[in-house]
Amino acid sequence: MHYPIGLLFDLLASSSALPWNITVHFKSFPEKDLLHCPSKDAIEAHFMSCMKEADALKHKSQVINEMQKKDHKQLWMGLQNDRFDQFWAINRKLMEYPAEENGFRYIPFRIYQTTTERPFIQKLFRPVAADGQLHTLGDLLKEVCPSAVAPEGNVISNIKTCLSFSEVK
């Protein structure tokens with residue numbers, strides 16, 4: 001199974017060293033060990049697929065579907081060329097929320113697991129409780145992965161069952 005690089009870094013990195021050396025293969029690509037990326041277009045398609053997935057969870061696909069092809073291209077080019085202003089001009093639409101909601105209604109997230117047959121759990125999480133109290137990462141873990149939280153409510157420092165939390169932006 002191939003995991004996102006951020007998750008692998010979280011799992012394998014120490015505070016003093018990177019967890020791996022990167023080898024760039026120009027010949028004899030290790031097809032049996034790694035997924036081969038056929039082109040830049042494939043990377044762009046994967047990125048847009050992830051953006052659509054996040055928007056489907058966050059806004060029921062309304063924002064991304066209302067964008068024009070040039071907006072999708074601007075989003076990608078801003079990311080690819082490390083131009084924050086170009087990227088943010090479009091990404092802002094994906095991050096906005098109705099004023100009456102006073103913040104995001106949901107934050108989509110994915111938690112990777114090692115001890116079950118399901119490699120990850122993905123769902124929406126409300127950042128604010130019904131009583132108006134802000135939720136924390138601990139609240140999320142209590143709901144989705146209770147074994148990762150000690151009885152006194154503290155998140156266990158060495159989490160074995162839930163490995164990564166990532167907010168989809």
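These legends walk through several close-up views of a predicted model.

Local features are described where pLDDT is at least 70, side-chain atom pairs count only at pLDDT 80 or more, and totals for chains, interfaces and linings use all residues of this predicted model. Residues are numbered from 1 along each chain as its sequence is written, and side-chain values use heavy atoms, with hydrogens and water left out.

**View 1. The whole chain, with 6 helices and 3 strands.** Let's start with the overall layout. Helices (H or I, at least four residues) and strands (E, at least two) are DSSP runs, numbered from the N terminus. Along the sequence they follow the pattern α-α-α-α-α-β-β-α-β. The protein chain has 169 residues, and 27% of them count as buried; buried means under 20% relative accessible area, exposed means over 50%, and partly exposed lies in between (1.4 Å probe, protein chains only). About 12100 Å² of the protein chain is exposed, with carbon and sulfur atoms supplying 55% of that area. Accessible areas come from the Shrake-Rupley method with a 1.4 Å probe, and for residues only the protein chains shown count as cover. Among contacts (heavy atoms within 4.5 Å) between residues at least 6 apart in sequence, 44% join residues at least 24 apart.

**View 2. Helices H2 and H5 packed at an angle of about 30 degrees.** The axes of H2 and H5 (residues 84–95) are 10 Å apart. Axes are lines fitted to C-alpha atoms, for helices over the stretch in contact, and angles run from 0 to 180 degrees between N-to-C directions. H2 is therefore roughly parallel to H5; angles under 35 degrees count as roughly parallel, over 145 as roughly antiparallel, 65 to 115 as roughly perpendicular and the rest as oblique. On the H2 side, the contact is made by Phe 47, Met 51, Asp 55, Lys 58 and His 59. H5 contributes Phe 87, Asn 91, Lys 93, Leu 94 and Met 95.

**View 3. Asp 55, a buried residue of helix H2.** Take a look around this side chain: Asp 55 has a relative accessible area of 1%. Leaving aside neighbours within four places in sequence, Asp 55 is in contact with Lys 60, Ser 61, Gln 62, Val 63, Ile 64 and Leu 94. One of these partners, Lys 60, lies in the loop between H2 and helix H3 (62–66). Lys 60 counts as exposed, at 62% relative accessibility.

**View 4. Two residues with positive phi, Lys 60 and Asp 82.** Most residues other than glycine have a negative phi. Lys 60 has a positive phi of about 55 degrees, and Asp 82 also has a positive phi of about 55 degrees. Asp 82 sits in the loop between helix H4 (69–80) and H5. With 70% relative accessibility, Asp 82 counts as exposed.

**View 5. Lys 93 in a network of salt bridges with Lys 70 and Asp 71.** Side chains of opposite charge can pair when their charged atoms come close. A salt bridge here is a side-chain nitrogen of Lys or Arg within 4 Å of a carboxyl oxygen of Asp or Glu. Asp 71 and Lys 93 form one, with their closest N and O atoms 3.9 Å apart. This pair links distant parts of the chain, as Asp 71 is in helix H4 and Lys 93 is in helix H5, 22 residues apart. Asp 71 is buried at 9% relative accessibility, while Lys 93 is partly exposed at 34%. Not counting residues up to four places away in sequence, Lys 93 touches His 59, Val 63, Met 67 and Asp 71.

**View 6. A salt bridge between Lys 73 and Glu 44.** A search of the whole structure finds 4 salt bridges. In this one, the N to O distance is 3.2 Å. Lys 73 in helix H4 and Glu 44 in helix H2 are 29 residues apart, so the pair links distant parts of the chain. Lys 73 is partly exposed, with a relative accessible area of 40%, whereas Glu 44 counts as buried at 14%.

**View 7. Lys 142 and Asp 139 in helix H6 (residues 137–144).** Here the closest N and O atoms of the salt bridge are 3.9 Å apart. Because Lys 142 and Asp 139 are 3 residues apart in the helix, about one helical turn separates them. Lys 142 is partly exposed at 42%, and Asp 139 is partly exposed at 23%.
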